[in-house]
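Here are a few exercises to work through with the model open beside you. Try each task before reading its solution.

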Amino acid sequence: MANKLYALIVGINRYFRPFRSLSGCIADAENMKQYLEEHEAHLNPEIRLLTNQGATKSEIIRNFREHFDKAEAGDTVLFYFAGHGQQERADREVWSEEGDGLLECIVCYNDPSINNYRLADKELRWLISDCHQQKPDVHIVLLFDNCHSSDNNRAPVILEEYPDAAPRRIGIVASKRSWDKFAFSDTFSEDDFKGQYLDDVLPEGKHIHLAACQPHEFAWEIGGQGIFTKNLIEVLKRCDGEISYYDLQRRIKYYVKEHKEQHPTIYARGTENTLLFQGFLGKDVETKPMGVRVYFTNGQLRIDMGAPNGISVGTEVVIELPDGAKVTTQVVSTSNEYSSLAIPAGAQLVQGQDYGGYIDGFMTAPLNIYVHDEDADTILVEELKNELGGIDNIHITDDAQADYALVVRNGRFSIHYPYDYARPLVETVPVPVEEQEDIQAIQADMGHIAGFKYVQEFRNENPTFFTNSSFIDLKIHAKQEDGSWALLEQTDRGFSLPTHLDNGEWLGTIKIELINTSEQTLYCALLYLPNTFGVYSLLAQSTTPIPAGTSIFAYGGEIPVFLEKHTVLYNWPVEEHTIKLMVSTEPNLNPEEFFLNDLPKPQLLDNDATVSDRGIGASPRSVSDWTTEEFGLHIPNRSYNKVARTTVEQMLVHPLLGEYALKLYFDERGYLRTDTIETVGGTVDADTDDLRETANTVAYNLRKNRFDANLAKYPDRPLMIAQGDAWLHHPLVKDVVNHLSEAYNICSLGVGNDDLEAYTNAEAFTNAINALSAQGAGDVKGLILSGGAHDIIGNGMRQYLNATPDQTNPSIGRYVKNIAFNKRLDQLIGYIRDIYTQVQAAVPGIQVFMHGYDFILPQANGLIGTYIAALGIEEDRDKKNLIRFMLEKYNNRLQTLAEQLPHFHYVDIRESVLEHQWHDERHPSTSGCKAIAERFKEVISAQNI
C-alpha cells in the first residue's frame with residue numbers, strides 16, 4: 001500500500017492563436033482533484049492544481065520536480081494533464097528511433113509572449129527518468145487526456161452525432177525546434193543522442209502511462225467534459241478505486257465504446273509488465289467486479305448491457321438494494337442493447353427506479369487450470385491454487401479436465417497445454433520468494449486467457465437472419481514460390497498456410513477475401529486470434545460494409561505469414577491460430593471491446609531476443625441480427641524434428657531454456673534423440689556423447705537452483721544430501737527427490753546416470769558437506785542413496801544372462817549366470833559399505849537411507865526387453881519373472897546390509913509402482929516417483945529427522 005499521494009494536476013482551457021481554446025479541461029482537472037480528495041483520502045493526497053496561465057511549460061517542469069521531490073519510498077506520484085496535444089517534426093539525425101519523424105507533445109499555456117510551450121515526450125521522459133533515479137521506490141503514474149494525432153479523417157463522423165464535440169488536438173504539425181528549446185539542453189547536447197539508442201542515453205524510468213487514446217486517434221470532449229476523464233472517474237467510483245491498471249484500461253475502453261474513434265491505452269515502462277497488475281495508485285488490491293446499471297420498468301428487470309457486450313443467458317448479476325442488501329439473479333434473455341433478468345423472489349423493487357449491480361467474471365469464459373508442481377513447493381502451490389480459485393471463472397481441476405496447465409518448475413511459473421510440459425505457451429515468470437507481484441502476474445495471465453477464450457467462444461445463440469449461413473464466403477489465396485496465387489482448400493480444421501525458407505526463416509504470403517453472397521449490404525469484422533492470446537482486427541475499419549455481391553480483401557491485400565521462432569525452437573509440429581468472422585445486418589458492431597494485447601512470447605535464445613512480430617500480419621451495439629464464424633489457420637513447422645545440433649547446445653547452456661531442451665531433445669536414458677537433430681559430419685553416437693554429458697550437467701544445475709530456493713524459503717526443514725541414479729534424479733519427470741523436497745531440503749549430488757562405483761569418491765560427499773556448512777545451511781541429517789540397477793539390469797546385464805540355460809531346471813533362474821551375478825552383487829555391496837564408511841567419517845551418526853528397486857516392466861523395444869528377447873523368452877510373465885529374480889537378490893542383499901550397519905536403513909519399494917506408473921521401461925513416472933517417496937518418508941520419519 002502506498003503511504004502518501006503527491007499529485008500534480010494540469011488543466012488548460014485558454015489557448016491563444018493559432019490554437020483553439022477548449023472548454024472542459026479545467027473542469028476535468030478539478031473533477032480529478034475532487035475524486036482524489038474524496039475517494040483516495042486514505043493516501044493523504046497532497047495536490048497541486050495548475051490551470052491556464054499557471055500551467056506554462058516552465059511552471060509544469062518546476063512543480064513536477066519540486067512537488068514530487070517530497071515523495072519518499074512507498075509513496076505515489078501522479079501527473080495528470082488535460083489539454084491540447086500536438087506533434088512536431090523531429091531532427092532525424094538526433095531522434096533516429098522516431099519512425100514517423102515526429103515527436104509527441106503536450107501543449108502548455110501559450111501566452112503570445114511565450115515561444116517555448118510544447119513539452120515533448122523526450123522531455124517528459126527526462127523528468128520521469130530523473131524522478132525514478134532519485135526516488136527508485138516511488139510509484140509513478142501518468143494520466144493524459146489529450147490527443148497526439150495528426151489524422152483528422154474521422155472528425156466529421158463524431159461531429160454529426162455530437163455537434164458540441166471537440167478534439168483535444170492541434171492539427172498543425174509544428175516545425176522542428178532548436179536544441180536550446182529542449183528543457184534538458186543544459187544537460188545533454190545533440191551529439192549525445194546522435195547514432196545512439198535512446199535507452200542508452202536517457203533510460204526510461206519505471207512508471208505507468210494511461211492515455212486517452214491511441215496515437216492516431218482523437219481525445220474528445222463533449223458537453224464540457226473529456227470523454228476519457230469522465231469515464232475514468234466513473235469506473236474508479238464504480239469499483240471504489242479497487243482495480244488494477246490492467247482492468248482499469250479494459251473497463252474504460254468498454255465505457256468509451258460509444259465513441260469508436262477513441263480507445264484508451266495503457267502500458268508500463270521501464271519494468272516488466274507485472275506493474276500493470278498492481279492496484280491503481282500503487283494499492284495492493286484485487287479488482288472489483290464489473291458494475292452495471294439495473295433498472296425496473298414496465299414490469300421488466302433489465303441491465304444496460306446486451307448480447308454483443310458479452311452477456312449471455314445464465315450470466316449472474318448481483319443487485320445492490322438501497323438498504324445495503326444484495327440479491328443475485330440471472331439473465332433470462334438478451335437483446336442487442338439490454339438484457340432481461342429474472343425478478344428475485346421477495347425483492348421489493350420499485351417501478352422506474354435504478355439500482356446498482358455488478359457482474360463477476362465479466363467477458364471471460366470458464367477456464368479449467370491444472371497446477372503441475374515439479375518443485376515440490378507445496379506451500380506455494382496451495383497458495384497459488386487458492387489465489388487462482390478465487391478468480392471468477394477460473395477453476396482448479398485435474399490434468400484430464402484442464403484447458404491449460406500451470407507448471408511450477410525450477411523456480412519459475414510457465415503455462416502449457418496439459419501433458420505437454422516441454423513447450424511453454426508464454427514467457428515464464430520467476431516464482432517469488434517473499435513478494436506476491438509475480439503471483440499477481442500469473443493471475444492476470446490466467447484472467448487474460450479466460451478473456452481470450454471468451455472471444456473464441458463468443459457467438460449469437462439465437463440468430464434470426466443468419467440461421468443457416470453467415471452469407472460471407474471467406475477464401476484464402478496463397479502466394480506460391482513462383483509468384484502465382486492459388487486458392488487454399490478449406491478442411492474441417494481450417495486452412496493450412498504454406499511457407500518457404502527465406503534467409504533461415506519460414507515465410508509466406510496470403511490474401512483473405514470476404515465475399516458477400518447475400519442480397520443486402522452486410523457489415524463485417526474480422527478478428528485475428530494468434531497463439532499468443534491477442535485479439536486484433538484484420539480490417540482497416542474495425543467494422544467494414546460489404547455491399548451485396550461484392551468482395552473485399554482483409555489487411556489491405558497481401559498479408560505476410562511468419563513461422564514464429566519459438567515454434568521452431570520448441571519443436572512444435574504446427575503453429576495454430578484462429579480468425580473469427582463477425583457479420584451483422586447493421587453498421588454498429590463493436591469488435592474493439594474484444595481487443596487484447598499478446599501475452600509475452602516464450603523465451604528465445606539470447607541471440608534471437610529481438611525479433612519482429614510473427615503470425616499473420618501485425619499485431620456490437622444495437623443490431624438486427626449478427627453471427628460469428630471461426631476458421632483455423634495452421635502453419636506447419638517444416639523444421640519439425642529437424643532442429644540444428646548447435647541450437648540444442650545453445651538451449652542447454654541457456655539459464656531459462658535448458659530444462660526445455662532436456663524434455664524436448666533427450667530420451668529417458670539421457671541420450672540425444674537423434675530423430676530430432678540435424679547432424680553435420682561424423683556419426684550420430686559420437687556427436688551426442690558430449691551433449692549427453694552437458695545435459696546431465698544442466699539437470700544437476702537445475703536441481704541445485706531448486707535446492708537453493710527451497711533453502712532460502714524454508715530454512716528450518718531438515719537438511720539432507722542425495723546421491724543416485726535416475727530413480728532419484730530424472731530430468732523428464734517429477735522425480736523422487738522432488739517429491740521428498742516437500743518435507744526436506746535436499747542437496748543433490750547425482751547426475752542421473754552414475755553407477756555405484758562412481759559414488760565411492762570420498763571427496764564428493766566430504767566436499768558437499770563442507771560446502772553446505774560454509775553456506776550456513778545447517779547440519780546434514782541424512783544421505784539418500786540410490787544405485788545398483790544400472791549395474792545389474794542396465795548395459796552390463798548381458799554378461800549375467802545365460803544364452804544356453806539348463807532346460808531341465810524349471811526355475812526362471814536358469815537364465816542367470818549365478819556365479820558371475822553373485823560376484824557382481826558382492827562387489828556392489830562393497831561399494832555401498834565404502835560409501836557408508838566415508839560419510840560416517842565426515843558426519844558421525846549420519847543416517848543413510850537406500851532403496852532397492854521395484855520390478856521393472858521389460859518392453860519389446862526397450863533395452864532390457866531386447867536383451868531378454870535374445871534369450872528366446874517370449875512370454876511377458878517369464879520376462880517379468882526374470883527381472884524379479886535378479887532384483888529380489890539385490891533387495892535381499894540390501895536388507896541384510898541394513899541389519900549389519902547402524903544408521904543404515906533399507907527402503908523397500910517393491911510393489912510400490914503400479915503398472916500404469918512407469919515413465920518408460922526402467923524408470924517410474926511422476927506418480928510412481930511419488931509412491932517411492934512416500935516409502936522413503938515412512939522410514940525417515942521413524943528416525944525422527
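A cavity here is a set of grid points where a 1.4 Å probe fits but cannot get out, worked out over the protein atoms alone. Keep in mind that this is a predicted model.

**Exercise 1.** Find how much space lies in the second largest cavity, and which elements supply its lining.

Solution. Start with the volume: about 80 Å³ of space lies in the second largest cavity. Next, list the lining: R703, R706, F707, N710, V737, N738, S741, Y744, N745, I746 and S748. Now sort by element: at least two of these residues come from each of α14, α15 (736-740) and β39 (745-748). The top contributor is α14, with four residues. Finally, look at chemistry: the lining splits into four nonpolar, five polar and two charged residues.

**Exercise 2.** Do the same for the largest cavity: what is its volume, and which residues lie nearest its centre?

Solution. The volume first: this cavity holds about 130 Å³ of space. Its lining has 16 residues, and nearest the centre you'll find N410, L702, R706, H730 and P731. Two elements give two or more residues to that lining, α13 (658-665) and α14 (684-713). Of the elements, α14 gives the most, with four residues. By type, the lining has six nonpolar, three polar and seven charged residues. Spot R706 again: this residue is in the lining of the largest cavity and also in that of the second largest.

**Exercise 3.** Take N503 and N641. Where does each one sit, and is each exposed, partly exposed or buried?

Solution. Begin with the backbone. Phi of N503 is near 55°, a positive value in a non-glycine residue, and N641 has a positive phi too, about 60°. Then place them: N503 belongs to the loop between β27 (500-502) and β28 (505-516), while N641 is in the loop between β35 (626-636) and β36 (643-644). Last, accessibility. N503 has a relative accessible area of 78%, so it counts as exposed, the cut-off being over 50%. N641 comes in at 22%, so it is partly exposed; buried would need under 20%.

**Exercise 4.** Which residues does G778 contact, leaving aside neighbours within four places in sequence?

Solution. Locate G778 in the loop between α17 (762-775) and β40 (780-785). Its relative accessible area is 36%, so it is partly exposed. With those neighbours set aside, G778 is in contact with L719 and L772. One more distance to check: the C-alpha atoms of G778 and P715 are 8.6 Å apart, with 63 residues separating the two along the chain.

Key. Residues numbered from 1 in each chain as written. Predicted model: local features only at pLDDT ≥ 70, side-chain atom pairs only at ≥ 80, totals over all residues. Heavy atoms only, no water. Buried < 20%, exposed > 50% of the residue type's maximum accessible area, 1.4 Å probe, protein only. Contact = heavy atoms within 4.5 Å. 1 Å grid on protein atoms, 1.4 Å probe; cavity = no way out; pocket = protein on both sides within 12 Å on 5 of 7 lines; lining within 4 Å. Points joined across faces, edges and corners; volume = space filled by probe spheres on them. Nonpolar A, V, L, I, M, F, W, Y, C, P; charged D, E, K, R; others polar.
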